[in-house]
Amino acid sequence: MLKVPEHQVAGRQAIDGKLGPLIDNSGHFYKPLQDDDERGTRELTFYHSFSSNTRIPHHIRRFFPVFHGTQLLKASDGSGLRPHLVLQDITSDHLNPSILDIKIGSRTWYPEASNDYIQNCFHRDKTTTTVSLGFRICGLQIYNESGFWKPGRKLVRNFTADDVRSVLRKFVSSNVGPEPDCCFADSVYGGCDGILERLLELKTWFEDQTMYHFCSCSVLLLFDKESFLRGKTPFAEVKLIDFAHVVDGNGVIDHNFLGGLCSFIKFVSQVLADSKGSTMEDKF
């Protein structure tokens, strides 16, 4: 039985008769390929390339959803059978996950895009934190004992740098009020297997890899705050998602993604440092 993803925080959603992704109970995420839309073709091409690329280090593959091919399924908008990417459902192993979707890069358009598309992206990039910070929050949900705090898209789109800092604090707090306590920061952001260390691992790869340019891709952060609240040890994950605008790197470092990733790392690092009441060594 296919259903609408419960924990989707950004992107097109399969609600109100619209075309969007679906999930099953077996840990699969089905993303529809749209007719006459090169984005779906480009994303499928990327997954085939990435899956067969022997130059991708094994430790880097864990940051990408597992690709299971394509499958014809009934589309969520009632338009009939449509090919879908079959991917790993990243949230399936998490209980009430807190999630942040961060679009990385100070430029979200790709070189081959039409002028209209570039202008639309340029306007959005200027009016969000994309240009000023090198990244923007696209969507989020943060679990607390009364449910989820999940601000609407309009509010998220208007986030300032201070709002970004506040969200990163709330993400690792037991409360989502005006003074988040950051009591989970050390366990979630810090440590040898925490989010910060994983982001630094990605950064190291992007400092060398010249195979792909990840235009308009997102970093997804998620962990089970409910496990903390129940006294259990949760696990945090970092994943890259949304590859509809990945292009050939042509032997050139992806400075747009790398720069945005470094900026985001600094924000996370500062939240962690503030939670400890000390200054962390600058690794960037």
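Two strands count as paired if DSSP finds at least two bridges between them. The exercises below apply this to a predicted model.

**Exercise 1. Determine the strand order of the open sheet that holds β9, and state which strands stand at its edges.**

Solution.
Step 1. The open sheet has 5 strands, and their order is β7-β6-β5-β9-β10. The pairing is antiparallel.
Step 2. At the edges stand β7 (147-149) and β10 (237-241). Each has a single partner strand, so one side of each lacks a neighbour in the sheet.
Step 3. On average, neighbouring strands of this sheet are turned by 15° against each other, direction ignored.

**Exercise 2. Work out how β9 is joined to β5 and to β10, and name bridge partners.**

Solution.
Step 1. Strands of a sheet pair through backbone hydrogen bonds, either parallel or antiparallel.
Step 2. Between β5 (residues 98-104) and β9 (residues 218-223) there are 6 bridges, and the two strands run antiparallel.
Step 3. Asp-101 has Leu-220 in β9 as its bridge partner, while Lys-103 has Ser-218.
Step 4. Towards β10 there are 5 bridges from β9, again with the strands running antiparallel. Here Leu-221 stands opposite Val-238 in β10.
Step 5. Helix α8 (residues 195-206) packs on the sheet and touches β9 and β10. The direction of helix α8 makes about 40° with that of β10.

**Exercise 3. Sort the residues of β9 by the way they point, and decide whether they are buried or exposed.**

Solution.
Step 1. In a regular strand the side chains alternate between the two faces of the sheet.
Step 2. From β9, Ser-218, Leu-220 and Leu-222 point one way. Val-219, Leu-221 and Phe-223 point the other way.
Step 3. The cut-off for buried is a relative accessible area under 20%. Both sets are buried, and β9 is accordingly described as mostly covered, with 6 of its 6 residues buried.

**Exercise 4. Place the salt bridge of Lys-31 and Asp-242 in the chain, and classify the accessibility of both residues.**

Solution.
Step 1. The structure holds 8 salt bridges. In one of them the side chains of Lys-31 and Asp-242 meet at 3.5 Å, N to O.
Step 2. Lys-31 lies in strand β2 (residues 28-32), and Asp-242 lies in the loop between β10 and β11 (246-248). The two residues are 211 residues apart, and the pair links distant parts of the chain.
Step 3. The relative accessible area of Lys-31 is 21%, so Lys-31 is partly exposed. Asp-242 is also partly exposed, at 28%.
Step 4. A network of salt bridges links Lys-31, Glu-43 and Asp-242.

**Exercise 5. Compare the salt bridges Asp-162 to Arg-165 and Asp-193 to Arg-198 by N to O distance and by accessibility.**

Solution.
Step 1. The side chains of Asp-162 and Arg-165 meet at 2.9 Å, N to O.
Step 2. Both residues lie in helix α6 (residues 161-171); because Asp-162 and Arg-165 are 3 residues apart there, about one helical turn separates them.
Step 3. Asp-162 is exposed at 55% relative accessible area, whereas Arg-165 is partly exposed at 32%.
Step 4. For Asp-193 and Arg-198 the closest N and O atoms are 2.8 Å apart. Asp-193 is partly exposed at 45%, whereas Arg-198 is buried at 12%.

**Exercise 6. Describe the contact between domain 1 and domain 2.**

Solution.
Step 1. Domain 1 covers 22-88 and domain 2 covers 97-277.
Step 2. Taken over C-alpha atoms, the domain centres are 22 Å apart. The contact takes 20 residues from domain 1 and 19 residues from domain 2.
Step 3. About 1,800 Å² is buried between the domains, and carbon and sulfur atoms give 60% of this area.
Step 4. The count of salt bridges between domain 1 and domain 2 is 2.

**Exercise 7. State where Glu-226 lies and what Glu-226 is in contact with beyond its sequence neighbours.**

Solution.
Step 1. Glu-226 belongs to helix α9 (residues 225-229).
Step 2. With a relative accessible area of 6%, Glu-226 is buried.
Step 3. Leaving aside neighbours within four places in sequence, Glu-226 is in contact with Leu-95, Asn-96 and Tyr-143.
Step 4. Val-131 is 95 residues from Glu-226 along the chain, and 34 Å separate their C-alpha atoms.

Methods: Residues are numbered from 1 along each chain as its sequence is written. This is a predicted model: local features need pLDDT of at least 70, side-chain atom pairs count only at pLDDT 80 or more; totals for chains, interfaces and linings use all residues. Side-chain values use heavy atoms; hydrogens and water are left out. Helices (H or I, at least four residues) and strands (E, at least two) are DSSP runs, numbered from the N terminus. Axes are lines fitted to C-alpha atoms, for helices over the stretch in contact, and angles run from 0 to 180 degrees between N-to-C directions. Contact means heavy atoms within 4.5 Å. Buried means under 20% relative accessible area, exposed over 50%, partly exposed in between (1.4 Å probe, protein chains only). A salt bridge is a side-chain nitrogen of Lys or Arg within 4 Å of a carboxyl oxygen of Asp or Glu. Domain bounds come from an automatic or database domain assignment. Buried area is the accessible area (1.4 Å probe) that two parts lose on being put together, summed over both.
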